[in-house]
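Trainee: I am new to this structure and should be grateful for a close look at one part of it. Please choose a strand, describe its surroundings, and then proceed to other parts of the chain.

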Amino acid sequence: MIWNKQAECMPDKELRKLQLERLKETVRRAYENVPYYKKKFDELKIKPSDITSLRDIVKLPYTTKTDLREGYPFGMFAVPGKDIVEVHTSSGTTGKPVVAGYTRGDIDTWGEVVARCLTMAGATSSSIIQNGYGYGMFTGGMGIHYGSHKIGATIVPVSAGNTKRQIDLMQDFGTTLITCTPSYALYLAEAAGEDGVDRKKIKLRAGCFGAEVWTEKMREEIESRFRILALNIYGLTEIIGPGVAHECDKKAGLHIFEDHFYPEIISPETLEPLPDGERGELVFTTLTREGMPMIRFRTRDVTTLRREPCKCGRTVVRMDRITGRSDDMLKIRGVLIFPSQIERALLEVKGIEPQYQIIVTRPRHLDEMEVQVELSNKMFSDEVKHIEEFRKKIEAHIEKSVGIRVKVTLVEPKSLPRSEGKAKRVFDKRELK
Ligand code: DLL
(Lines give C-alpha, C1' and ligand atoms only; values in the text may rest on other atoms or scores of the structure.)
Protein backbone atom coordinates (compact mmCIF):
# COMPACT_ATOMS: atom_id res chain seq x y z
CA MET A 1 0.00 0.00 0.00
CA ILE A 2 1.10 3.54 -0.77
CA TRP A 3 -0.37 6.37 1.31
CA ASN A 4 0.05 9.16 -1.24
CA LYS A 5 0.71 7.70 -4.66
CA GLN A 6 0.66 11.06 -6.34
CA ALA A 7 3.51 12.36 -4.16
CA GLU A 8 5.49 9.19 -3.62
CA CYS A 9 5.43 8.00 -7.24
CA MET A 10 5.71 11.37 -8.97
CA PRO A 11 7.54 11.42 -12.34
CA ASP A 12 10.98 12.96 -11.92
CA LYS A 13 10.31 16.03 -14.05
CA GLU A 14 7.17 16.90 -12.17
CA LEU A 15 8.92 16.41 -8.83
CA ARG A 16 11.79 18.73 -9.83
CA LYS A 17 9.33 21.40 -10.89
CA LEU A 18 7.47 21.17 -7.59
CA GLN A 19 10.71 21.21 -5.61
CA LEU A 20 11.94 24.32 -7.40
CA GLU A 21 8.70 26.20 -6.74
CA ARG A 22 8.82 25.21 -3.09
CA LEU A 23 12.52 25.95 -2.73
CA LYS A 24 12.06 29.48 -4.08
CA GLU A 25 9.20 30.06 -1.70
CA THR A 26 11.14 28.67 1.28
CA VAL A 27 14.17 30.81 0.54
CA ARG A 28 12.04 33.90 0.16
CA ARG A 29 10.21 33.22 3.41
CA ALA A 30 13.41 32.53 5.31
CA TYR A 31 15.05 35.70 3.97
CA GLU A 32 12.11 37.94 4.72
CA ASN A 33 11.19 36.56 8.14
CA VAL A 34 14.25 35.12 9.83
CA PRO A 35 16.90 37.76 10.67
CA TYR A 36 19.53 35.00 10.91
CA TYR A 37 19.00 34.06 7.27
CA LYS A 38 18.77 37.66 6.10
CA LYS A 39 22.16 38.38 7.66
CA LYS A 40 23.75 35.23 6.23
CA PHE A 41 22.39 35.90 2.73
CA ASP A 42 23.47 39.53 2.83
CA GLU A 43 26.99 38.56 3.91
CA LEU A 44 27.22 36.19 0.94
CA LYS A 45 25.56 38.78 -1.30
CA ILE A 46 22.76 36.49 -2.37
CA LYS A 47 19.14 37.35 -2.88
CA PRO A 48 16.19 34.93 -3.02
CA SER A 49 15.81 35.88 -6.69
CA ASP A 50 19.23 34.28 -7.40
CA ILE A 51 17.60 30.88 -7.03
CA THR A 52 16.31 30.09 -10.49
CA SER A 53 17.08 26.36 -10.70
CA LEU A 54 17.54 23.51 -8.20
CA ARG A 55 21.26 23.58 -8.94
CA ASP A 56 21.41 27.08 -7.48
CA ILE A 57 20.93 25.57 -4.04
CA VAL A 58 24.73 25.32 -3.78
CA LYS A 59 24.85 29.11 -3.54
CA LEU A 60 23.00 28.97 -0.24
CA PRO A 61 24.78 28.80 3.13
CA TYR A 62 24.76 25.74 5.36
CA THR A 63 22.93 25.81 8.68
CA THR A 64 24.38 23.94 11.69
CA LYS A 65 23.16 22.87 15.11
CA THR A 66 25.31 25.66 16.59
CA ASP A 67 23.53 28.27 14.47
CA LEU A 68 20.23 26.99 15.78
CA ARG A 69 21.41 27.00 19.38
CA GLU A 70 22.52 30.59 19.03
CA GLY A 71 19.01 31.52 18.01
CA TYR A 72 17.59 29.92 21.18
CA PRO A 73 14.73 29.81 21.84
CA PHE A 74 12.61 31.15 18.99
CA GLY A 75 15.15 32.96 16.80
CA MET A 76 14.72 30.66 13.81
CA PHE A 77 10.95 30.97 13.63
CA ALA A 78 9.58 32.52 10.46
CA VAL A 79 6.07 33.27 11.69
CA PRO A 80 4.66 35.31 14.58
CA GLY A 81 4.35 33.44 17.88
CA LYS A 82 0.59 33.32 17.59
CA ASP A 83 0.91 31.03 14.56
CA ILE A 84 3.14 28.49 16.34
CA VAL A 85 0.96 25.75 17.79
CA GLU A 86 3.59 23.35 19.11
CA VAL A 87 7.28 23.26 20.00
CA HIS A 88 9.74 20.41 20.46
CA THR A 89 13.40 20.26 21.37
CA SER A 90 16.26 18.01 20.36
CA SER A 91 17.40 15.43 22.85
CA GLY A 92 20.80 16.96 23.69
CA THR A 93 21.32 17.41 27.40
CA THR A 94 23.63 20.33 28.09
CA GLY A 95 23.64 23.83 26.79
CA LYS A 96 20.60 25.12 25.09
CA PRO A 97 18.60 22.59 23.13
CA VAL A 98 17.55 23.11 19.53
CA VAL A 99 13.94 24.27 19.41
CA ALA A 100 11.60 23.36 16.58
CA GLY A 101 8.39 25.32 16.06
CA TYR A 102 5.36 24.05 14.14
CA THR A 103 2.41 25.88 12.66
CA ARG A 104 -0.92 24.14 12.16
CA GLY A 105 0.17 23.53 8.58
CA ASP A 106 3.45 21.96 9.74
CA ILE A 107 1.60 19.60 12.07
CA ASP A 108 -0.55 18.59 9.13
CA THR A 109 2.55 17.96 6.98
CA TRP A 110 4.09 15.97 9.82
CA GLY A 111 1.02 13.75 10.06
CA GLU A 112 1.11 13.32 6.28
CA VAL A 113 4.75 12.17 6.07
CA VAL A 114 4.44 9.86 9.09
CA ALA A 115 1.25 8.40 7.57
CA ARG A 116 3.36 7.51 4.52
CA CYS A 117 5.85 5.75 6.83
CA LEU A 118 3.28 3.81 8.79
CA THR A 119 1.57 2.75 5.55
CA MET A 120 4.90 1.35 4.31
CA ALA A 121 4.85 -0.85 7.41
CA GLY A 122 1.36 -2.05 6.50
CA ALA A 123 -0.73 0.22 8.74
CA THR A 124 -4.37 0.87 7.84
CA SER A 125 -7.32 2.36 9.70
CA SER A 126 -7.82 -1.05 11.32
CA SER A 127 -4.32 -1.15 12.82
CA ILE A 128 -3.54 -0.90 16.51
CA ILE A 129 -0.34 1.07 16.82
CA GLN A 130 1.57 0.80 20.09
CA ASN A 131 3.74 3.88 20.22
CA GLY A 132 6.79 3.22 22.35
CA TYR A 133 8.61 6.43 21.40
CA GLY A 134 8.80 8.97 24.19
CA TYR A 135 6.07 11.59 24.38
CA GLY A 136 7.18 15.03 25.53
CA MET A 137 9.77 17.36 24.08
CA PHE A 138 11.22 14.50 21.99
CA THR A 139 9.58 14.41 18.56
CA GLY A 140 9.22 10.59 18.42
CA GLY A 141 5.99 10.23 20.39
CA MET A 142 3.96 13.06 18.90
CA GLY A 143 5.20 12.49 15.34
CA ILE A 144 3.98 8.89 15.25
CA HIS A 145 0.80 10.03 17.01
CA TYR A 146 -0.09 12.52 14.26
CA GLY A 147 0.68 9.98 11.53
CA SER A 148 -1.53 7.40 13.14
CA HIS A 149 -4.39 9.90 13.45
CA LYS A 150 -4.02 10.78 9.79
CA ILE A 151 -4.48 7.13 8.85
CA GLY A 152 -7.28 6.68 11.35
CA ALA A 153 -5.56 3.77 13.09
CA THR A 154 -5.93 3.25 16.83
CA ILE A 155 -2.96 4.77 18.60
CA VAL A 156 -1.88 3.39 21.97
CA PRO A 157 0.23 6.25 23.37
CA VAL A 158 2.13 4.15 25.91
CA SER A 159 5.37 6.17 25.40
CA ALA A 160 8.85 4.81 26.13
CA GLY A 161 9.78 2.40 28.91
CA ASN A 162 7.62 0.43 31.35
CA THR A 163 8.39 -2.93 29.80
CA LYS A 164 5.87 -5.06 31.70
CA ARG A 165 3.06 -2.74 30.69
CA GLN A 166 4.22 -2.74 27.06
CA ILE A 167 4.05 -6.52 26.98
CA ASP A 168 0.64 -6.62 28.66
CA LEU A 169 -0.83 -4.04 26.30
CA MET A 170 0.59 -5.81 23.31
CA GLN A 171 -1.26 -8.99 24.28
CA ASP A 172 -4.46 -7.48 25.68
CA PHE A 173 -5.05 -4.87 22.98
CA GLY A 174 -3.87 -6.99 20.08
CA THR A 175 -1.23 -4.50 18.92
CA THR A 176 -0.49 -4.97 15.21
CA LEU A 177 2.29 -2.40 14.75
CA ILE A 178 4.89 -1.25 17.23
CA THR A 179 7.03 1.88 17.05
CA CYS A 180 10.07 2.29 19.32
CA THR A 181 13.86 2.38 19.13
CA PRO A 182 15.42 -0.80 17.73
CA SER A 183 17.40 -1.38 20.91
CA TYR A 184 14.24 -1.16 22.98
CA ALA A 185 12.50 -3.56 20.59
CA LEU A 186 15.19 -6.14 21.27
CA TYR A 187 14.96 -5.57 24.98
CA LEU A 188 11.19 -5.97 24.79
CA ALA A 189 11.51 -9.20 22.80
CA GLU A 190 13.87 -10.59 25.38
CA ALA A 191 11.65 -9.55 28.29
CA ALA A 192 8.58 -11.04 26.56
CA GLY A 193 10.48 -14.31 26.17
CA GLU A 194 11.40 -14.34 29.84
CA ASP A 195 7.79 -13.63 30.74
CA GLY A 196 6.78 -16.76 28.84
CA VAL A 197 4.71 -14.76 26.36
CA ASP A 198 3.30 -17.03 23.68
CA ARG A 199 4.12 -15.57 20.27
CA LYS A 200 0.87 -16.94 18.88
CA LYS A 201 -1.08 -14.75 21.26
CA ILE A 202 0.52 -11.61 19.87
CA LYS A 203 -0.90 -10.07 16.73
CA LEU A 204 2.15 -7.95 16.00
CA ARG A 205 3.00 -7.84 12.29
CA ALA A 206 5.49 -5.03 11.87
CA GLY A 207 7.51 -2.33 13.57
CA CYS A 208 8.95 1.07 12.62
CA PHE A 209 12.29 1.35 14.35
CA GLY A 210 14.64 4.32 14.34
CA ALA A 211 15.91 7.38 16.21
CA GLU A 212 19.31 5.69 16.55
CA VAL A 213 21.82 3.79 14.45
CA TRP A 214 21.10 0.09 14.02
CA THR A 215 22.21 -2.76 11.82
CA GLU A 216 20.99 -5.55 9.54
CA LYS A 217 21.98 -7.99 12.27
CA MET A 218 19.71 -6.23 14.73
CA ARG A 219 16.93 -6.31 12.16
CA GLU A 220 17.31 -10.07 11.74
CA GLU A 221 17.18 -10.52 15.47
CA ILE A 222 14.08 -8.36 15.97
CA GLU A 223 12.35 -10.05 13.03
CA SER A 224 13.06 -13.55 14.20
CA ARG A 225 12.27 -12.95 17.87
CA PHE A 226 8.95 -11.21 17.25
CA ARG A 227 8.31 -12.80 13.84
CA ILE A 228 7.50 -9.40 12.34
CA LEU A 229 8.65 -7.12 9.56
CA ALA A 230 11.14 -4.62 11.03
CA LEU A 231 11.51 -1.39 9.05
CA ASN A 232 13.74 1.63 9.45
CA ILE A 233 12.34 5.11 10.15
CA TYR A 234 14.54 8.21 10.02
CA GLY A 235 14.10 11.81 11.01
CA LEU A 236 15.44 14.65 13.11
CA THR A 237 14.02 17.46 15.19
CA GLU A 238 15.53 20.24 13.08
CA ILE A 239 13.75 19.07 9.93
CA ILE A 240 10.42 17.86 11.38
CA GLY A 241 11.03 14.81 13.63
CA PRO A 242 10.33 11.21 12.55
CA GLY A 243 8.96 10.94 9.03
CA VAL A 244 11.74 12.33 6.86
CA ALA A 245 12.39 8.89 5.34
CA HIS A 246 11.23 5.30 5.75
CA GLU A 247 11.88 1.88 4.26
CA CYS A 248 9.29 0.06 2.19
CA ASP A 249 8.94 -3.71 2.53
CA LYS A 250 11.63 -4.21 -0.14
CA LYS A 251 14.14 -3.10 2.51
CA ALA A 252 16.28 -1.45 -0.14
CA GLY A 253 16.98 1.87 1.53
CA LEU A 254 14.81 4.57 3.06
CA HIS A 255 12.53 6.57 0.75
CA ILE A 256 12.99 10.28 1.39
CA PHE A 257 9.83 12.36 1.03
CA GLU A 258 11.38 14.69 -1.48
CA ASP A 259 8.30 16.81 -2.00
CA HIS A 260 8.87 18.10 1.57
CA PHE A 261 12.60 17.59 2.23
CA TYR A 262 15.34 18.27 -0.31
CA PRO A 263 18.38 16.06 0.35
CA GLU A 264 22.01 16.57 -0.66
CA ILE A 265 25.16 14.63 0.15
CA ILE A 266 28.30 16.65 0.83
CA SER A 267 31.87 15.92 1.76
CA PRO A 268 32.21 16.83 5.45
CA GLU A 269 35.80 17.90 4.75
CA THR A 270 35.50 20.08 1.65
CA LEU A 271 31.77 20.84 2.09
CA GLU A 272 31.40 20.25 -1.67
CA PRO A 273 28.28 18.41 -2.87
CA LEU A 274 28.89 14.79 -3.90
CA PRO A 275 27.11 12.93 -6.73
CA ASP A 276 24.41 10.33 -6.05
CA GLY A 277 25.91 7.00 -5.08
CA GLU A 278 28.74 8.50 -3.04
CA ARG A 279 28.90 8.32 0.71
CA GLY A 280 28.97 11.54 2.67
CA GLU A 281 27.11 13.79 5.04
CA LEU A 282 23.39 14.23 4.56
CA VAL A 283 22.09 17.80 4.24
CA PHE A 284 18.44 18.79 4.14
CA THR A 285 16.51 21.83 3.02
CA THR A 286 12.87 21.87 4.05
CA LEU A 287 10.49 22.66 1.19
CA THR A 288 7.21 23.23 3.00
CA ARG A 289 8.00 24.07 6.62
CA GLU A 290 6.24 27.27 7.65
CA GLY A 291 7.18 27.69 11.31
CA MET A 292 10.87 27.01 10.91
CA PRO A 293 12.21 26.75 7.36
CA MET A 294 15.62 25.11 7.33
CA ILE A 295 18.16 25.81 4.63
CA ARG A 296 20.88 23.23 3.93
CA PHE A 297 20.90 21.86 7.46
CA ARG A 298 24.00 19.71 8.07
CA THR A 299 22.63 16.58 9.78
CA ARG A 300 26.12 15.10 10.35
CA ASP A 301 24.58 11.72 9.53
CA VAL A 302 26.60 9.71 7.03
CA THR A 303 24.85 7.89 4.18
CA THR A 304 24.50 7.51 0.38
CA LEU A 305 21.63 8.55 -1.90
CA ARG A 306 20.37 6.17 -4.61
CA ARG A 307 18.13 7.06 -7.50
CA GLU A 308 17.61 3.69 -9.18
CA PRO A 309 13.88 2.87 -9.27
CA CYS A 310 12.56 0.79 -6.37
CA LYS A 311 10.50 -2.34 -6.97
CA CYS A 312 7.72 -0.90 -4.80
CA GLY A 313 6.93 1.73 -7.46
CA ARG A 314 7.91 4.78 -5.45
CA THR A 315 10.04 7.18 -7.44
CA VAL A 316 11.50 9.28 -4.65
CA VAL A 317 15.21 8.97 -3.85
CA ARG A 318 16.40 6.42 -1.30
CA MET A 319 19.11 6.73 1.33
CA ASP A 320 21.12 3.83 2.78
CA ARG A 321 20.80 3.18 6.46
CA ILE A 322 22.87 5.65 8.48
CA THR A 323 26.23 4.16 9.33
CA GLY A 324 27.67 6.86 11.52
CA ARG A 325 28.24 10.56 12.01
CA SER A 326 30.70 13.04 10.62
CA ASP A 327 31.23 14.45 14.11
CA ASP A 328 31.89 12.53 17.32
CA MET A 329 28.40 12.83 18.72
CA LEU A 330 27.01 9.69 20.36
CA LYS A 331 23.39 8.80 20.84
CA ILE A 332 23.11 6.97 24.15
CA ARG A 333 19.69 5.63 25.04
CA GLY A 334 18.21 8.22 22.73
CA VAL A 335 20.14 11.14 24.15
CA LEU A 336 22.64 13.06 22.05
CA ILE A 337 25.99 13.43 23.81
CA PHE A 338 29.33 14.85 22.75
CA PRO A 339 32.36 13.26 24.47
CA SER A 340 33.57 16.81 25.13
CA GLN A 341 30.64 17.28 27.52
CA ILE A 342 31.90 14.36 29.62
CA GLU A 343 35.40 15.80 29.46
CA ARG A 344 34.22 19.19 30.62
CA ALA A 345 32.38 17.65 33.57
CA LEU A 346 35.41 15.53 34.52
CA LEU A 347 37.76 18.48 34.49
CA GLU A 348 35.60 20.14 37.10
CA VAL A 349 36.39 17.35 39.56
CA LYS A 350 39.56 17.75 41.66
CA GLY A 351 41.77 14.70 42.28
CA ILE A 352 41.73 13.10 38.86
CA GLU A 353 44.07 13.29 35.90
CA PRO A 354 42.74 14.64 32.59
CA GLN A 355 43.06 11.14 31.19
CA TYR A 356 39.91 9.26 30.47
CA GLN A 357 38.24 6.79 28.13
CA ILE A 358 34.62 6.42 27.26
CA ILE A 359 33.43 2.91 26.54
CA VAL A 360 30.00 2.41 25.08
CA THR A 361 28.45 -1.05 25.10
CA ARG A 362 24.99 -2.50 24.62
CA PRO A 363 24.52 -5.32 27.12
CA ARG A 364 21.01 -6.77 26.92
CA HIS A 365 20.36 -4.35 24.04
CA LEU A 366 20.43 -1.19 26.11
CA ASP A 367 23.23 1.32 25.80
CA GLU A 368 25.66 1.72 28.65
CA MET A 369 28.40 4.24 28.99
CA GLU A 370 31.43 3.59 31.16
CA VAL A 371 33.89 6.37 31.85
CA GLN A 372 37.31 5.19 32.95
CA VAL A 373 39.22 7.91 34.75
CA GLU A 374 42.77 7.99 36.09
CA LEU A 375 43.23 8.87 39.73
CA SER A 376 45.94 11.30 40.70
CA ASN A 377 48.86 9.77 42.67
CA LYS A 378 47.65 11.49 45.81
CA MET A 379 44.12 10.11 45.55
CA PHE A 380 45.43 6.68 44.64
CA SER A 381 47.25 6.30 47.97
CA ASP A 382 44.04 7.13 49.85
CA GLU A 383 41.80 4.66 51.67
CA VAL A 384 39.53 2.42 49.59
CA LYS A 385 36.48 3.77 51.39
CA HIS A 386 37.30 7.29 50.27
CA ILE A 387 37.97 6.14 46.75
CA GLU A 388 34.53 4.58 46.47
CA GLU A 389 32.93 7.77 47.77
CA PHE A 390 34.98 9.73 45.28
CA ARG A 391 33.85 7.48 42.43
CA LYS A 392 30.22 8.04 43.33
CA LYS A 393 30.85 11.75 43.54
CA ILE A 394 32.15 11.78 39.95
CA GLU A 395 29.15 9.79 38.75
CA ALA A 396 26.80 12.23 40.44
CA HIS A 397 28.67 15.20 39.00
CA ILE A 398 28.48 13.83 35.44
CA GLU A 399 24.80 13.09 35.86
CA LYS A 400 24.14 16.57 37.14
CA SER A 401 26.08 18.40 34.47
CA VAL A 402 25.62 16.19 31.39
CA GLY A 403 22.23 14.74 32.25
CA ILE A 404 22.88 11.02 31.84
CA ARG A 405 23.86 8.24 34.23
CA VAL A 406 27.21 6.72 33.43
CA LYS A 407 29.30 4.14 35.21
CA VAL A 408 32.59 5.59 36.43
CA THR A 409 35.57 3.29 36.93
CA LEU A 410 38.69 4.66 38.59
CA VAL A 411 41.95 3.32 37.30
CA GLU A 412 45.55 3.59 38.52
CA PRO A 413 47.62 6.63 37.64
CA LYS A 414 49.33 6.31 34.23
CA SER A 415 47.41 3.17 33.30
CA LEU A 416 45.40 4.48 30.34
CA PRO A 417 47.13 4.41 26.95
CA ARG A 418 48.73 7.71 25.92
CA SER A 419 48.69 8.74 22.33
CA GLU A 420 51.01 11.01 20.42
CA GLY A 421 48.43 12.27 18.01
CA LYS A 422 44.77 12.79 18.50
CA ALA A 423 43.84 10.82 21.59
CA LYS A 424 41.29 8.12 21.04
CA ARG A 425 38.88 8.64 23.88
CA VAL A 426 35.74 6.94 22.72
CA PHE A 427 35.40 3.20 22.18
CA ASP A 428 31.99 2.45 20.77
CA LYS A 429 31.67 -1.32 21.08
CA ARG A 430 28.01 -1.52 20.12
CA GLU A 431 28.84 -3.09 16.74
CA LEU A 432 26.73 -0.58 14.89
CA LYS A 433 28.49 -0.91 11.56
O1 DLL B 1 15.42 10.84 16.69
C2 DLL B 1 13.50 11.65 15.46
C3 DLL B 1 12.99 10.27 15.33
C4 DLL B 1 12.07 9.79 16.24
C5 DLL B 1 13.40 9.46 14.28
C6 DLL B 1 11.56 8.52 16.12
C7 DLL B 1 12.86 8.18 14.13
C8 DLL B 1 11.96 7.71 15.04
P9 DLL B 1 16.46 13.63 17.21
O10 DLL B 1 16.32 13.27 18.64
O11 DLL B 1 16.56 15.06 16.83
O12 DLL B 1 15.23 13.11 16.37
O13 DLL B 1 17.73 12.85 16.67
C14 DLL B 1 18.06 12.90 15.32
O15 DLL B 1 19.00 10.65 15.45
O16 DLL B 1 20.37 13.03 13.18
C17 DLL B 1 20.41 10.61 13.58
O18 DLL B 1 21.73 10.83 14.06
C19 DLL B 1 19.66 9.76 14.58
N20 DLL B 1 18.65 8.93 13.90
C21 DLL B 1 17.33 9.16 13.77
N22 DLL B 1 16.74 8.14 13.06
C23 DLL B 1 17.74 7.26 12.75
C24 DLL B 1 17.79 6.03 12.03
C25 DLL B 1 14.81 11.77 16.24
N26 DLL B 1 16.72 5.44 11.53
C27 DLL B 1 19.28 12.01 15.06
N28 DLL B 1 19.02 5.45 11.88
C29 DLL B 1 19.62 11.92 13.61
C30 DLL B 1 20.13 6.02 12.39
C31 DLL B 1 18.95 7.79 13.26
N32 DLL B 1 20.13 7.16 13.09
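Mentor: Two strands are said to pair if DSSP finds at least two bridges between them. Strands (E, at least two residues) and helices (H or I, at least four) are DSSP runs, numbered from the N terminus. The model is predicted: local features need pLDDT of at least 70, side-chain atom pairs count only at pLDDT 80 or more, and totals for chains, interfaces and linings use all residues. Residues are numbered from 1 along each chain as its sequence is written, and side-chain values use heavy atoms, with hydrogens and water left out.

The part I choose is strand E8, residues 241-247. Of its 7 residues, 7 are buried (under 20% relative accessible area, where over 50% is exposed and anything in between partly exposed, with a 1.4 Å probe and protein chains only). Strand E8 is therefore largely enclosed by the rest of the structure.

On one side, strand E7 (residues 229-236) is joined to E8 by 4 bridges, and the two run antiparallel. Within this pair, Tyr234 stands opposite Ala245 of E8. The connection from E7 to E8 is a hairpin of 4 residues. E8 also pairs with strand E9 (residues 254-256), again in an antiparallel manner, through 3 bridges. Here Glu247 is the residue opposite Leu254 of E9. A hairpin is formed by E8 and E9 as well, with 6 residues between them.

The turn of that second hairpin contains Lys251. Its phi is positive, about 50 degrees, although Lys251 is not a glycine. Most residues other than glycine have a negative phi, and most peptide bonds are trans. Lys251 counts as partly exposed, because its relative accessibility is 31%.

Two other places deserve mention on the same theme of backbone geometry. Arg364, a residue other than glycine, has a positive phi near 50 degrees; it lies in the loop between strand E17 (352-361) and strand E18 (368-375). With 42% relative accessibility, Arg364 also counts as partly exposed. The peptide bond from Tyr72 to Pro73 is cis, with omega near -5 degrees. Pro73 is placed in the loop between helix H4 (65-70) and strand E1 (84-89).

A further enclosed strand is E11 (residues 279-286): 7 of its 8 residues are buried, so E11 is largely enclosed by the rest of the structure. Strand E10 (residues 261-266) is joined to E11 by 6 bridges, running antiparallel, and E11 pairs with strand E12 (residues 297-306) over 5 bridges in the antiparallel sense. Val283 of E11 stands opposite Glu264 in the first of these pairs and opposite Arg298 of E12 in the second.

Strands E17 and E18 belong to an open sheet of 4 strands in the order E19-E18-E17-E20, with mixed pairing. Its edge strands are E19 (407-411) and E20 (426-428), each of which pairs on one side only. E17 and E20 run parallel, joined by 3 bridges, and Ile359 stands opposite Phe427 of E20. Helix H10 (residues 339-347) lies across E17, E18 and E20, at about 145 degrees to E17. Helix H12 (residues 384-402) lies across E17, E18 and E19, at about 140 degrees to E19. Such angles run from 0 to 180 degrees between N-to-C directions of axes fitted to C-alpha atoms, for helices over the stretch in contact.

Helix H7 (residues 163-173) has Thr163, Gln166, Ile167, Leu169 and Met170 buried. Seen down the axis of H7, these buried residues fall within an arc of 165 degrees (taken from the directions from the helix axis to the C-beta atoms), so they line one face of the helix. They pack, with contact meaning heavy atoms within 4.5 Å, against several elements, among them strand E3 (128-131), strand E4 (154-156) and helix H8 (182-194). Gly174, which follows H7, has a positive phi near 70 degrees.

Finally, the axes of helix H2 (residues 12-33) and helix H3 (residues 35-43) come within 5 Å and cross at roughly 100 degrees. That makes H2 roughly perpendicular to H3 (65 to 115 degrees; under 35 is roughly parallel, over 145 roughly antiparallel, and the rest oblique). Residues in this contact include Val27 and Tyr31 of H2 and Pro35 and Phe41 of H3.
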